Amino acid sequence: MSIIALVSAKGSPGVTTAALACTLSWHHRVVLAECDPSGGSVLAGYLGGVLPGPRGIGELAVGELRDGNLEQAFWSQLVDLDAPHRERLLLPGVVDPAQAGSVVPLWQRFADFFAALDKGQPGYDVIVDCGRLHVVGPPWPVLRAAEIVLLVTAPRLPDLSATHATVKAIERDFAEHRVPAGSLRLLLVGGGHGRSEVAKALRLPVIAQLPDDPRTAEVLAHGGTVRANRPLMRAASALEVPVRALLDRRRARLGWPAAQEVPDAV
């Protein structure tokens, strides 16, 4: 499935929680890449900050600028979220704001590398947490390389107002860079206005809506036992089906190979 990017507008919540929930529940092998220039949060939150030494995209960027060794160093910088299976891997984001200066010039390099991971043996999808778009040095090349971009927003008026401006910004950028149409969708988080009302207001289809589930969101943010039967995890797992269906439609229209089918849930 290659790159699935999640991004939000200023003030819109839920990108990291949604990305991590999908990573832990989808059926295919997944790398979760934290590409928010403001910093990653999974390492300090869900993983409790426990790692044997520095790890992540900041370390990769420093090494790439110094030695040009991304291909060799990439796998050593990942964290196995479901050890020892290496089916759900995390590339932690920057932990020191100074690292962002090394990462931002390499967004295109990372985008090209992520796009090739589904062709490896074994292949991996890449779910990219792009954070909030309105920051210094946003990962535009990663968004342009993504086969699907999910714009995460709460379906409430203050969030929708900010999201409307972000939709226009993404559409302008994609048109300027000739990104094939049809990759952008809304992913709603929590309650508020209905899906059809939001889609009509923002003139963009809604791919799914993740429910309010404070207990699971707390675990994903601060650590603990993730329970697959919780509402948020069930909805995140179900999201894989429309994502792959959209991907297959886009690939058919563009003449690309179809994505792998999603196995039946156990």
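## A long list of buried residues in H10

Welcome to this structure. In helix H10, the residues that count as buried are Leu232, Met233, Ala235, Ala236, Leu239, Glu240, Val243, Arg244, Leu246, Leu247, Arg250 and Arg251. Please keep in mind that you are looking at a predicted model.

H10 runs over residues 231-254, which makes 24 residues. From its first C-alpha to its last, the helix reaches 35 Å, close to the 34 Å expected at 1.5 Å a residue. Just after H10 comes glycine 255, whose phi is positive, at about 80°.

## The sheet

Now for the strands. There are 8 of them in an open sheet, and their order is S3-S4-S2-S5-S1-S6-S7-S8, with mixed pairing. At the edges stand S3 (79-80) and S8, each with a single partner strand, so each has one side without a neighbour in the sheet.

You can follow the last part of that order strand by strand. S1 (residues 3-8) pairs with S6 in the parallel sense over 5 bridges, and one point to look for is serine 8, whose bridge partner in S6 is valine 152. S6 (residues 148-153) in turn pairs with S7 in the parallel sense, again over 5 bridges; here valine 149 has leucine 184 of S7 as its bridge partner. S7 (residues 184-189) and S8 are parallel too, with 4 bridges between them. Leucine 187 finds its bridge partner in alanine 208 of S8.

## Inside the sheet: S6 and S8

How many of the residues of S6 are buried? The count is 6 of the 6, so S6 is largely enclosed by the rest of the structure. In a regular strand, side chains alternate between the two faces of the sheet. In S6, Ile148, Leu150 and Val152 point one way, while Val149, Leu151 and Thr153 point the other way, and all are buried.

S8 (residues 206-210) stands at an edge of the sheet. Even so, 4 of its 5 residues are buried, so S8 too is largely enclosed by the rest of the structure.

## One side of H5

Helix H5 covers residues 107-115, and its buried residues are Trp107, Phe110, Ala111, Phe113 and Phe114. Where do they sit around the axis of H5? They cover an arc of only 165°, which puts them on the same side of the helix.

## A cavity

The structure holds 1 cavity of 30 Å³ or more, and the volume of the largest cavity is about 40 Å³. Its lining is made up of Glu34, Cys35, Asp36, Pro37, Ile57, Gly93, Val94, Ala100, Val103, Val104 and Trp107. Sorted by character, these lining residues are 8 nonpolar, 1 polar and 2 charged. Trp107 is worth a second look: it is one of the lining residues and also one of the buried residues of H5.

## Two glycines

Glycine 101 belongs to helix H4 (residues 100-103). With a relative accessibility of 55%, glycine 101 counts as exposed, because the cut-off for exposed is over 50%. From its C-alpha to that of alanine 217 the distance is 30 Å, and the two are 116 residues apart in sequence.

Glycine 137 lies in the loop between strand S5 (125-132) and helix H6 (140-145). Is glycine 137 buried or exposed? Its relative accessible area is 18%, and buried means under 20%, so glycine 137 is buried. Glycine 137 and serine 38 are 99 residues apart in sequence, and their C-alpha atoms are 9.0 Å apart in space.

## Backbone details in the loops

Two cis peptide bonds can be found here. One joins alanine 83 and proline 84, with omega at about 5°, and proline 84 is placed in the loop between S3 and strand S4 (88-91). The other runs from glutamine 121 to proline 122, with omega near 5°; proline 122 is in the loop between H5 and S5.

Two arginines have a positive phi, a value in a residue other than glycine. For arginine 178 phi is near 60°, and this residue is in the loop between helix H7 (157-176) and S7. Its relative accessible area of 77% makes arginine 178 exposed. For arginine 203 phi is near 55°, in the loop between helix H8 (195-202) and S8. Arginine 203 is exposed as well, at 71% relative accessible area.

Conventions. Residues are numbered from 1 along each chain as its sequence is written. This is a predicted model: local features need pLDDT of at least 70, side-chain atom pairs count only at pLDDT 80 or more; totals for chains, interfaces and linings use all residues. Side-chain values use heavy atoms; hydrogens and water are left out. On a 1 Å grid over the protein atoms alone, a cavity is a set of points where a 1.4 Å probe fits but cannot get out, and a pocket is an open set with protein on both sides within 12 Å along at least five of seven lines; lining residues have an atom within 4 Å of a point. Grid points are joined across faces, edges and corners, and a volume is the space filled by probe spheres set on the points. Ala, Val, Leu, Ile, Met, Phe, Trp, Tyr, Cys and Pro count as nonpolar, Asp, Glu, Lys and Arg as charged, and the others, Gly among them, as polar. Helices (H or I, at least four residues) and strands (E, at least two) are DSSP runs, numbered from the N terminus. The expected span of a helix is 1.5 Å times one less than its number of residues. Buried means under 20% relative accessible area, exposed over 50%, partly exposed in between (1.4 Å probe, protein chains only). The arc is that of the directions from the helix axis to the C-beta atoms. Two strands pair if DSSP finds at least two bridges between them.
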